[in-house]
Amino acid sequence: MRVDVVTAVHAPYAVFLPAAWQSLRGQSHAEWTWLVQVDGPSDKVLDSLRGCGAADDPRVSVAAHGTTEGPAVSRNNALGRATAALVQNMDADDELEPDALATLADALTARPAAGYAVGHARDLLPDGDLIDHPLPVPPGALPRGALLEQWADGLPVHPAGAMWRRSLLLSLGGWSALHGMEDTALLMAASASADGVLVDAPTLRYRRHAAQRSRQNSKFSGGGGAGCPRPPTGRPPARAAVVDRDTGR
């Protein structure tokens with residue numbers, strides 16, 4: 001089954017595109033299209049794609065909307081160009097594991113009722129080391145509402161690496177217009193609306209680097225880190241916690 005891979009990118013993250021491109025070229029699942037959406041000026045992004053050879057691949061489609069709108073709008077513009085039944089997000093500074101597309105697509109094929117699939121995320125450190133993190137939920141079916149229930153104790157899976165049925169994405173309005181929580185809010189809405197599936201395999205390499213706007217004190221702990229905003233319990237706090245995670249723009 002063909003997969004459209006959506007990547008929103010702005011000029012400062014153009015330097016990471018060759019690594020993202022190599023992770024796509026190394027996929028065991030060959031039926032993919034890369035929909036790159038440029039947020040803001042496009043010169044550096046286009047130069048990077050030409051330099052690594054991605055611009056010459058007919059599976060790569062690049063578009064620019066000419067203004068700076070942020071990751072949610074950029075991804076949604078790319079979603080508007082998608083035609084495949086499955087859509088995979090890949091942030092410009094992240095990488096996919098070699099079997100990511102095959103593993104997630106197979107999981108959705110095996111579970112027709114599931115609207116999304118997600119795997120484990122590993123921190124990709126500047127020296128190339130990969131750090132695994134245990135997840136607090138077992139692999140297999142994620143019944144509707146399961147992630148919302150877990151969110152009170154911290155988001156259990158990483159939202160940036162989810163694969164979606166395009167039909168579910170469109171019904172939810174795409175990525176949410178929430179600063180730093182575009183993919184988290186989408187995953188929570190999806191969990192409230194549809195069943196999902198968690199595969200017992202790493203699928204995302206979440207790059208840690210100095211250019212990230214956010215500075216989370218803790219490493220990724222299954223999804224969103226310790227500072228991820230959580231649903232209120234009891235009376236609301238006087239000041240809401242906010243995570244400013246640079247999601248590829």
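These legends accompany close-up views of a predicted model.

**View A. The largest nonpolar core gathers residues from many elements.**
Let's begin inside the protein. This core has 37 residues, and those touching the most other members are Val 5, Val 9, Leu 24, Trp 34, Leu 101 and Met 163. At least two core residues come from each of β1 (3-9), α1 (17-25), β2 (32-38), α2 (43-52), α4 (100-110), β6 (114-124) and β10 (195-207). Which of these gives the most? It is α4, with 6 residues. Apart from this core lies another one of 28 residues, including Val 157, Ala 162, Leu 187 and Met 188.

**View B. Val 5 and the residues in contact with it.**
Here we zoom in on a single member of the largest core, Val 5. Leaving out neighbours within four places in sequence, you can find Val 5 in contact with Leu 24, Trp 32, Thr 33, Trp 34, Leu 35, Gln 88, Met 90 and Leu 101. Three names on that list, Leu 24, Trp 34 and Leu 101, may look familiar from View A, where they appear with Val 5 among the residues that touch the most other core members.

**View C. Helix α1 has one face lined by buried residues.**
Which residues of α1 are buried? They are Leu 17, Ala 20, Trp 21, Ser 23 and Leu 24. Looking down the helix axis, you would find these buried residues within an arc of 160°, so they line one face of α1. A general rule helps here: an α-helix has 3.6 residues a turn, so residues three or four places apart point the same way. The cover over the buried residues of α1 includes β1, β2, α2, β3 (60-64), β5 (95-96) and α4.

**View D. Arg 165 is a buried charged residue without a salt bridge.**
Find Arg 165 in strand β9, which covers residues 163-165. How far away is the nearest side chain of opposite charge? That side chain belongs to Asp 195, and the distance is 10 Å. The side chain of Arg 165 does have a partner of another kind, reaching the backbone oxygen of Arg 111 at 3.1 Å. Beyond its neighbours within four places in sequence, Arg 165 is in contact with Ala 85, Leu 86, Leu 108, Thr 109, Arg 111, Pro 112, Ala 114 and Gly 115.

**View E. A network of salt bridges links six residues: Glu 95, Glu 97, Arg 122, Asp 132, Arg 205 and Arg 207.**
The whole structure holds 10 salt bridges. One of them joins the side chains of Glu 95 and Arg 205, at 3.8 Å from N to O. Because Glu 95 is in strand β5 and Arg 205 in strand β10, this pair ties together parts 110 residues apart in sequence. In another, the side chains of Glu 97 and Arg 122 meet at 2.8 Å, N to O. Glu 97 sits in the loop between β5 and α4, while Arg 122 belongs to strand β6, so here the parts tied together are 25 residues apart in sequence. Glu 97 is buried, with a relative accessible area of 4%, and Arg 122 is buried too, at 16%.

**View F. Arg 208 and Asp 123 form a salt bridge.**
The closest N and O atoms of this pair are 3.5 Å apart. Where do the partners lie? Arg 208 is in the segment after β10 and Asp 123 in strand β6, 85 residues apart. Arg 208 counts as buried at 14% relative accessibility, and Asp 123 is buried with a relative accessible area of 0%.

Notes
Residues are numbered from 1 along each chain as its sequence is written. This is a predicted model: local features need pLDDT of at least 70, side-chain atom pairs count only at pLDDT 80 or more; totals for chains, interfaces and linings use all residues. Side-chain values use heavy atoms; hydrogens and water are left out. A nonpolar core is a set of buried Ala, Val, Leu, Ile, Met, Phe, Trp, Tyr and Cys residues joined through side-chain atoms within 4.5 Å. Buried means under 20% relative accessible area, exposed over 50%, partly exposed in between (1.4 Å probe, protein chains only). Helices (H or I, at least four residues) and strands (E, at least two) are DSSP runs, numbered from the N terminus. Contact means heavy atoms within 4.5 Å. Lys and Arg count as positive and Asp and Glu as negative; His and the chain ends are not counted. A salt bridge is a side-chain nitrogen of Lys or Arg within 4 Å of a carboxyl oxygen of Asp or Glu. A polar contact is a pair of N or O atoms within 3.5 Å; within protein, one must be able to donate a hydrogen and the other to accept it, and residues adjacent in sequence count only if both atoms are side-chain atoms. The arc is that of the directions from the helix axis to the C-beta atoms.
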